[in-house]
Amino acid sequence: IDKGKVWGAGVVVPARQSDGQVVAYGPCTLPSWKLFPLKRELGRALGMPAFVENDAVAAAVAERLHGIGKAHSDFLYLYFGAGIGGGLMLGGRPYRGGSGQAGQLGHVVVQSGGLPCHCGQRGCLERYASLSAAQAMLTGLPEGEQPLDIGLISDAFMLGDPRFLGWMDEATDRLATAIRIVAYVFDPEAIVLGGIIPRPLLEGLHGRLVRRLAEVRPVEDRTPPTVLVSEIGRDTPALGAAALPIFDGITPELSLVLGAGAVEAI
């Protein structure tokens, strides 16, 4: 491909990032890459602009272009991985906040005085609802001591392991608390669930979460946002990364310039 026709390279990392540098703490990030100027160095090596984003925000971009987000311009993508990530779409564009870390629900406190977290707080959502928390419950080992074993987690769910079903119930309660916080602050149209989590488990959590949110009586006429399951799958962050140069390069609302057919081609 003629390099002159390439707008840039989009890269997704499974960690929080700020200004093209990885912000790392805890077992769910990339400590060896902490504060490495990935955006600058990758752009220099490739000879083109580089765009670096965390997996949750990139997944939200992909869902907006290719998935259920086509019908929703304001939504939060809740990304289940080793940790819990969040990508916030407002007005059809990713909202990153002042330091590029908006939407990161993993460190929203959902239990006062709860489990200690590597970020320094206690009771963070990530300590209850992430896949590393689920695995720690199954193995009895601290989070991050072993690589994430998706097969172990999937088998526990499919076999109906009572310990795992107990984790699902607690995770559902904590997720419901976090979603209510988001609903009051941003009032999104939808919450989209996705990530590297196995599809059957994702759908199981979705069903529990919808029922849990329905149990809470709404204040005045406020109702919780619609909770949806991602339409794309585990490739979602990569698809979003590929579109980052376009999102950063042209327009407040991508569809106004490209049209539906061009958006689908990205």
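**A helix pair and a five-stranded sheet**

Helices α4 and α6 cross in a right-handed manner. This crossing comes from a predicted model, so the description below applies to that model. Two packed helices are described by the angle between their axes and the distance between the axes. Here, α4 (residues 131–139) and α6 (residues 162–186) pack at an angle of about 145°, and their axes are 10 Å apart. On the α4 side, the residues involved are Ala133, Ala134, Met137 and Leu138; they meet Arg163, Phe164 and Trp167 of α6. Sorted by character, the residues of this contact come out as six nonpolar, one charged and no polar.

Stepping back to the whole protein, there are nine helices and nine strands. Of its 266 residues, 48% count as buried. Among contacts with a separation of 6 or more, 63% are between residues 24 or more positions apart. The protein exposes about 12,400 Å², with carbon and sulfur atoms supplying 54% of that area.

Now for the sheet. Strands of a sheet pair through backbone hydrogen bonds, either parallel or antiparallel. Five strands make up an open sheet in the order β7-β6-β5-β8-β9, and the pairing is mixed. At the edges sit β7 (93–95) and β9 (226–229), each of which pairs on one side only. On average, neighbouring strands of this sheet are turned by 30° against each other, ignoring direction.

Going through some of the pairs shows where the mix comes up. Strand β5 (residues 75–80) pairs with β6 (residues 84–90) in the antiparallel sense, over six bridges; Tyr77, for instance, has Gly87 in β6 as its bridge partner. Strands β5 and β8, on the other hand, run parallel and are joined by six bridges, with Phe75 partnered by Ala190 in β8. Strands β8 and β9 also run parallel, joined by four bridges, and here Val192 has Leu228 in β9 as its bridge partner.

Helices pack against this sheet too. The α6 helix met earlier lies across β5, β6 and β8 (190–195), running at about 155° to β5. Helix α7 (residues 199–215) packs on the sheet as well, touching β5, β8 and β9; its direction makes about 170° with that of β9.

That leaves the surroundings of β8. Six of the six residues of β8 are buried, so this strand is largely enclosed by the rest of the structure. Both of its faces are covered: Ala190, Val192 and Gly194 are buried on one side, and Ile191, Leu193 and Gly195 are buried on the other.

Definitions and conventions
Residues numbered from 1 in each chain as written. Predicted model: local features only at pLDDT ≥ 70, side-chain atom pairs only at ≥ 80, totals over all residues. Heavy atoms only, no water. Helix = DSSP H or I, 4+ residues; strand = E, 2+ residues; numbered from the N terminus. Buried < 20%, exposed > 50% of the residue type's maximum accessible area, 1.4 Å probe, protein only. Contact = heavy atoms within 4.5 Å. Areas by Shrake-Rupley, 256 points an atom, 1.4 Å probe, with all protein chains shown as cover. Axes fitted to C-alpha atoms, helices over the stretch in contact; angles between N-to-C directions. Left-handed = near helix turned anticlockwise from the far one by under 90°. Nonpolar A, V, L, I, M, F, W, Y, C, P; charged D, E, K, R; others polar. Pairing = 2+ DSSP bridges.
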